[in-house]
Structure formats: C-alpha cells, structure tokens
Amino acid sequence: FAIFKEVFGTERSRLVFVLSTQTVNPWVSEQILGYQDASKQADVLALGAYLDCGLGDQAMEVADSTVDELFDTCFSSVPGAVDEITQHIKAVSNHSLPITFYELGTAISETQTIYNGAETPGATEKYQAMNRHPKIQILIDKFLEELKSAGVFTKYPGFYFSSMSRPSKYGSWGILEDMYQDTSKAPKYQALQEFILENKL
C-alpha cells in the first residue's frame, strides 16, 4: 500500500486498501493480518462467500429430488455458511477491521462440471430450476440478512457474482440471464435490489 499512499498523497481517502483471504481457512486471515502489521495499513478484509447448500457434490441426489426438497436443504445450510464467515470476524476482532466480500452469491451447480466438464444426467435441469425458482429470492435474502446480523456490511458493500450470464451446465451465476430479461421475473435481481434499498448500500 505504501506506493499508493505516496502517489495519492493527500487524496488517500479516494482509495480503499483491501486484504483478501481464503474463506475456508480463518487461520490464513490471522497470518495475513498479523504479517508486518498489515492490518494497520488496510481498510478492510475481503473474502468470497458462496452458498452452495452442500449440493455441488451431490448431483445424483439432486437429480432424484424435487426442487422443494432441495430448497429445504438449502435453507437449513445457511447457518453453517454464515458460521464459516463468523470465524473470520473473530480473526479480525483484534485488528479493528471490517469484513466485506470480493465476491459472493449462490453456487448451486455441479462442482465436478467446473473442473472436468462432466455432467450428471438430470442434475443440471434441477440446478437451473432452483436458480430460477421464486424461493431463491427468499434464500438469498436470508443469507444476506444473516450475514448482516453476524457483523458484515458494517462499512463496505460486497460484490455479487455475477451481474449477467446465461445458465449452463457450468452454473447459473448471473443475477440476470440476459440484458433483456424482465427484472420483475428475475428472483435473484429482486432479492438484491430489496437488500440494497433496505440497507442503503
């Protein structure tokens, strides 16, 4: 950060100094924050936060389940996902740094497909149906609200991944599926807009 401080000088306030870390390993956060007083130079610790509901490696089960059954699994997984983030909040508690996300969102898709392109018959259709279902709006709202209650979004907003992309076997990552989609029929978009407006982010 020293180079940026030197270049921007009195305009340092235009910058936000971010330390990034691994979500699955709070120990890494502690090492980063403690290295050469890095936490004293930074403004925020950022990590990734994806809610996969534990379904990414359960494609056969996904293919054989109803969408409602899969959402039951998703809703019950939220506390565990939030607890994972809470471990990082504990790590920064001695450093007076807030936490935000360099990316977050739902990751309801088949994990192996991302790595090797393999696809389980019947699973992709279920993953995509979940990402288009009205319940995904409720799920995202619950996830974001519980993160907020845990102490996130206190100073900096997070970055949702991603704004727009077409669903495929590799996942349904977009808030919108295309630029012409009717936003009133886009549950992810609706969830985020409501959260932004309610929290004035």
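About 40 Å³ of space lies in the second largest cavity of this predicted model, where a cavity is a set of points, on a 1 Å grid over the protein atoms alone, at which a 1.4 Å probe fits but cannot get out. Grid points are joined across faces, edges and corners, and a volume is the space filled by probe spheres set on the points. The lining, that is, the residues with an atom within 4 Å of a point, consists here of Ile108, Ser109, Glu110, Thr124, Tyr127, Gln128, Ser168, Lys169, Gly171 and Ser172. By class this lining holds two nonpolar, six polar and two charged residues, with Ala, Val, Leu, Ile, Met, Phe, Trp, Tyr, Cys and Pro taken as nonpolar, Asp, Glu, Lys and Arg as charged, and the others, Gly among them, as polar.

Because the model is predicted, local features need pLDDT of at least 70 and side-chain atom pairs count only at pLDDT 80 or more, whereas totals for chains, interfaces and linings use all residues. Residues are numbered from 1 along each chain as its sequence is written, and side-chain values use heavy atoms, with hydrogens and water left out.

The count of cavities of 30 Å³ or more comes to two. The largest cavity has a volume of about 90 Å³ and is lined by 13 residues, of which Asn131, Gly174, Ile175, Glu177 and Lys188 lie nearest its centre. Two or more residues of this lining come from each of α7 (123–132) and α9 (187–199); helices (H or I, at least four residues) and strands (E, at least two) are DSSP runs numbered from the N terminus.

The largest pocket, by contrast with a cavity, is an open set of points with protein on both sides within 12 Å along at least five of seven lines, and its volume is about 280 Å³. Of the 17 residues that line this pocket, Thr23, Ala49, Tyr50, Leu51 and Glu84 are the closest to its centre, and the elements that give two or more residues to the lining are β2, α5 and β3. The table sets out the three spaces with the classes of their linings.

| Space | Volume | Nonpolar | Polar | Charged |
|---|---|---|---|---|
| Largest pocket | about 280 Å³ | ten residues | four residues | three residues |
| Largest cavity | about 90 Å³ | five residues | five residues | three residues |
| Second largest cavity | about 40 Å³ | two residues | six residues | two residues |

The strands that contribute to the pocket lining, β2 and β3, belong to an open sheet of three strands in the order β1-β2-β3, with parallel pairing. The edge strands, each paired on one side only, are β1 (18–20) and β3 (99–106), and the twist averages 30 degrees from one strand to the next. Two strands are said to pair if DSSP finds at least two bridges between them: β1 and β2 (residues 44–51) are joined over three bridges, with Ser20 opposite Ala46 in β2, while β2 and β3 are joined over seven, with Leu51 opposite Thr106 in β3. Leu51 is also among the residues closest to the centre of the largest pocket.

Two helices lie across β2 and β3: α5 (residues 67–92) runs at about 165 degrees to β2, and α8 (residues 135–150) runs at about 165 degrees to β3. For these angles, axes are lines fitted to C-alpha atoms, for helices over the stretch in contact (heavy atoms within 4.5 Å), and angles run from 0 to 180 degrees between N-to-C directions. Strand β3 is mostly covered, since six of its eight residues are buried, where buried means under 20% relative accessible area, exposed over 50%, and partly exposed in between (1.4 Å probe, protein chains only).

Most residues other than glycine have a negative phi, and most peptide bonds are trans. Asp37, in the loop between α2 (26–34) and α3 (38–41), nevertheless has a positive phi of about 55 degrees, and counts as partly exposed at 40% relative accessibility. Cys53, in the loop between β2 and α4 (59–64), has a phi near 65 degrees and is buried, with a relative accessible area of 5%. The peptide bond from Phe161 to Ser162 is cis, with omega near 0 degrees, and Ser162 is found in the loop between α8 and α9.

Taken as a whole, the protein has nine helices and three strands, and 41% of its 201 residues count as buried. Its C-alpha trace spans about 55 × 35 × 30 Å along the principal axes.
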